[in-house]
Amino acid sequence: MNLPAPSIRPDDCDELSALCKAGGDPLRLNVLRALANDSFGVLELTYIFATGQSGMSHHLKVLAQADLVATRREGNAIFYRRALPHTELPGGKLHAALLEEVDNLTLPADVQARISAVHGQRAAASQDFFSRIAEKFRAQQDLIAGLPQYRDSVLALLDKLSFSPAATALEVGPGDGSFLPDLARRFHQVTALDNSPAMLELARQLCECESLDNVSLILADALQDAQLQADCVVVNMVLHHFAAPAEAFRQLANLLQPGGSLLVTELCSHNQAWAREACGDLWLGFEQDDLAHWATAAGLVPGESLYIGLRNGFQIQVRHFQRPAGDTHHR
């Protein structure tokens, strides 16, 4: 008796097959682990894992075919990050389970060291830029989005949060200090953190001119050295200068008192590659979903958002994230 061959449509199992193939290689699993809180270009990943570019490109292609990584063009470079699992789609639950297991892996010490080296190179490039352009900082910022273009929106969101008269604020990367007078009028005590002596000197001059006696200026890396906390942390147009934005959210969450608010003003994702050289940008803006995902992973709760379209084609996002009042475990 001749029975017909079973009819198996390829699209019924393609997703599962691709996921199983992608997860069947130790290097690919380690790449996924490295991308847990970061995005890297092909050359960066080639350096991090000490492997050839053609081999790394192959592994990334396999991961992309399984929808385990997503790509984003930054000028002429393509950066890879982990794709979020969609558990309602075929293979989605396996995708989520694979990432959960991957997150329990510990990367080899030499890989971790090379990741730190990549972050160091990014941070050094950013700091070098600000040391060179301090005197023309405002003109450089105005090429894309100067403070006057988003100040009112940030203040409107800030005032809606109704902080107490004794509340404290902290601004990370205050630039030339232009936003500090607005904070000084709204908070009992304001602290400004910057890792650039040249930029901090500009802020000091402004504070002196404005007689801001409730503002303290500290030369420190907010993501490494800071040990203080505030009721409100403000980060205006700074995130795109951080070497590892997702990790930055974790550190910024540590700067918040329980129940405190993080206000982030940032560019939406764009393709204006000239901003890298002209404005020292490490990242060409961010997707709205990325900021919310990173904040949630850092234990923050997304709040209200405002979006501002600019005449030069850029768009600004003003985002509020809150640390839960009962959260006392960040540090």
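This short presentation concerns the salt bridges in the structure shown above. Please keep in mind that the model is predicted.

A search of the whole structure finds ten salt bridges. I shall describe three pairs and then one network.

Let me begin with aspartate 103 and arginine 82. In this salt bridge, the closest N and O atoms are 3.0 Å apart. Where do the two partners lie along the chain? Arginine 82 belongs to strand β3, residues 77-82, while aspartate 103 sits in the loop between α5 (92-102) and α6 (109-133). The two are 21 residues apart, and the pair links distant parts of the chain. Is arginine 82 buried or exposed? Its relative accessibility is 14%, so arginine 82 counts as buried. Aspartate 103, by contrast, is partly exposed, at a relative accessible area of 35%.

I turn now to helix α6. Here a salt bridge joins the side chains of arginine 114 and aspartate 110, with an N to O distance of 3.3 Å. These residues are about one helical turn from each other, because they are four residues apart in helix α6. Arginine 114 is buried, with 18% relative accessible area, whereas aspartate 110 counts as partly exposed at 41%.

The third pair is glutamate 247 with arginine 250, whose side chains meet in a salt bridge at 3.8 Å, N to O. Both residues are in helix α11, residues 245-254, and a spacing of three residues places them about one turn of the helix apart. Glutamate 247 is partly exposed at 32% relative accessibility, and arginine 250 is partly exposed at 30%.

Finally, the network: Arg151, Asp182 and Arg185 are joined into one by salt bridges that share partners.

Technical notes: Residues numbered from 1 in each chain as written. Predicted model: local features only at pLDDT ≥ 70, side-chain atom pairs only at ≥ 80, totals over all residues. Heavy atoms only, no water. Salt bridge = Lys/Arg side-chain N within 4 Å of Asp/Glu carboxyl O. Buried < 20%, exposed > 50% of the residue type's maximum accessible area, 1.4 Å probe, protein only.
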